[in-house]
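Biologist: I would like to learn how to read a model like this one, feature by feature. Could you walk me through it?

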Amino acid sequence: SSGINAEYGQSKDGGSQLKKPKKKYSDDDCYQILPHGQEAHWEVCERILHIFALLNPGIAYVQGMNEILGPIYYTFVTDSKELEVQHAEADAFFCFTGLMSDIKDNFIKILDNSQCGITHNMDSLMAMLKENDPQLHDAVTERGINSVLHSLSF
């Protein structure tokens, strides 16, 4: 996990509103102090998600978005070219926003059971799995593994 545990709510004017993140750190936790002006990666991801939520009040922030952002941000921030790394936050935001425009219906609760919602998509995935790899389908089903837990990121 990226360490993001921010919650978003609805403000009186209908806009998205960030609530203070809940820190789960104890006083005994030991963290390396970053040099002045440097940010931890989770802070960058938190800012990307916050700005996304402000720009998309109909979706705001939903648990699991950080799991989608993480690999995108990681890809840019670990680039071998220093010039590219300097733009990792902007590039990750751009790609995350583009991807979310395609998969946003998976994050809108009232659409969960509709034709474009997560439940329908996961049922379709399990049907494809049953057709293409019945052995894996049976193993997943017998163990009661929820398809959302292993496949939403894909």
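Biologist: Let me start with one side chain. Which residues does H137 touch, not counting residues up to four places away in sequence?

Modeller: Happy to help, and please keep in mind that this is a predicted model. Leaving out those sequence neighbours, H137 touches M126, L129 and K130. H137 itself sits in helix α6, which covers residues 134-142.

Biologist: Is H137 buried or exposed?

Modeller: The cut-off to use is 20% relative accessible area, with buried residues under it. H137 counts as buried because its relative accessibility is 11%.

Biologist: Let us step back. How many helices and strands does the protein chain have?

Modeller: The protein chain has seven helices and two strands. Reading from the N terminus, the order is β-β-α-α-α-α-α-α-α. Of its 154 residues, 27% count as buried. The chain exposes about 10900 Å², and carbon and sulfur atoms supply 55% of that area.

Biologist: What span should helix α1 have, and how far apart are its end C-alpha atoms?

Modeller: Helices can be checked with simple arithmetic. At 1.5 Å a residue, the 15 residues of α1 (residues 41-55) should span 21 Å, and the end C-alpha atoms are 21 Å apart, so the two agree. Several α1 residues are buried, including V44, C45, I48, L49 and F52.

Biologist: Which residues have the most contacts inside the largest nonpolar core?

Modeller: Here one looks for buried nonpolar residues joined through their side chains. The largest such core has 19 residues, and M65, L69, Y73 and F96 have the most contacts inside it. Helices α1, α2 (65-77) and α4 (88-103) each supply at least two of the core residues. Take Y73: beyond residues up to four places away in sequence, Y73 touches H41, V44, C45, A88, E89 and A92.

Biologist: How many aromatic pairs does a search of the whole structure find?

Modeller: The search finds one aromatic pair. For such a pair, check the ring centres and then the angle between planes, where over 60 degrees counts as edge-to-face. The ring centres of F52 and F96 are 5.1 Å apart and the planes meet at 70°, so this pair is edge-to-face. Since F52 belongs to helix α1 and F96 to helix α4, the pair ties together parts 44 residues apart in sequence. F52 counts as buried at 2% relative accessibility, and F96 does too at 0%.

Biologist: Now for charges. Which residues form salt bridges with R47?

Modeller: The general idea is that side chains of opposite charge can pair when their charged atoms come close. A search of the whole structure finds two salt bridges. In one, R47 pairs with E39, with the closest N and O atoms 2.7 Å apart. In the other, R47 meets E89 at 2.6 Å, N to O. E89 lies in helix α4 and R47 in helix α1, so this bridge ties together parts 42 residues apart in sequence. Through shared partners, E39, R47 and E89 form one network.

Biologist: One last feature, the backbone. What is phi of A60 near?

Modeller: Phi of A60 is near 60°, a positive value in a residue other than glycine. A60 is found in the loop between α1 and α2, and A60 is buried, with a relative accessible area of 11%.

Technical notes
Residues are numbered from 1 along each chain as its sequence is written. This is a predicted model: local features need pLDDT of at least 70, side-chain atom pairs count only at pLDDT 80 or more; totals for chains, interfaces and linings use all residues. Side-chain values use heavy atoms; hydrogens and water are left out. Helices (H or I, at least four residues) and strands (E, at least two) are DSSP runs, numbered from the N terminus. The expected span of a helix is 1.5 Å times one less than its number of residues. Buried means under 20% relative accessible area, exposed over 50%, partly exposed in between (1.4 Å probe, protein chains only). A nonpolar core is a set of buried Ala, Val, Leu, Ile, Met, Phe, Trp, Tyr and Cys residues joined through side-chain atoms within 4.5 Å. Contact means heavy atoms within 4.5 Å. Rings of Phe, Tyr and Trp (its six-membered ring) pair if their centres lie within 6.5 Å; planes under 30 degrees apart count as stacked, over 60 as edge-to-face and the rest as tilted. Accessible areas come from the Shrake-Rupley method with a 1.4 Å probe; for residues, only the protein chains shown count as cover. A salt bridge is a side-chain nitrogen of Lys or Arg within 4 Å of a carboxyl oxygen of Asp or Glu.
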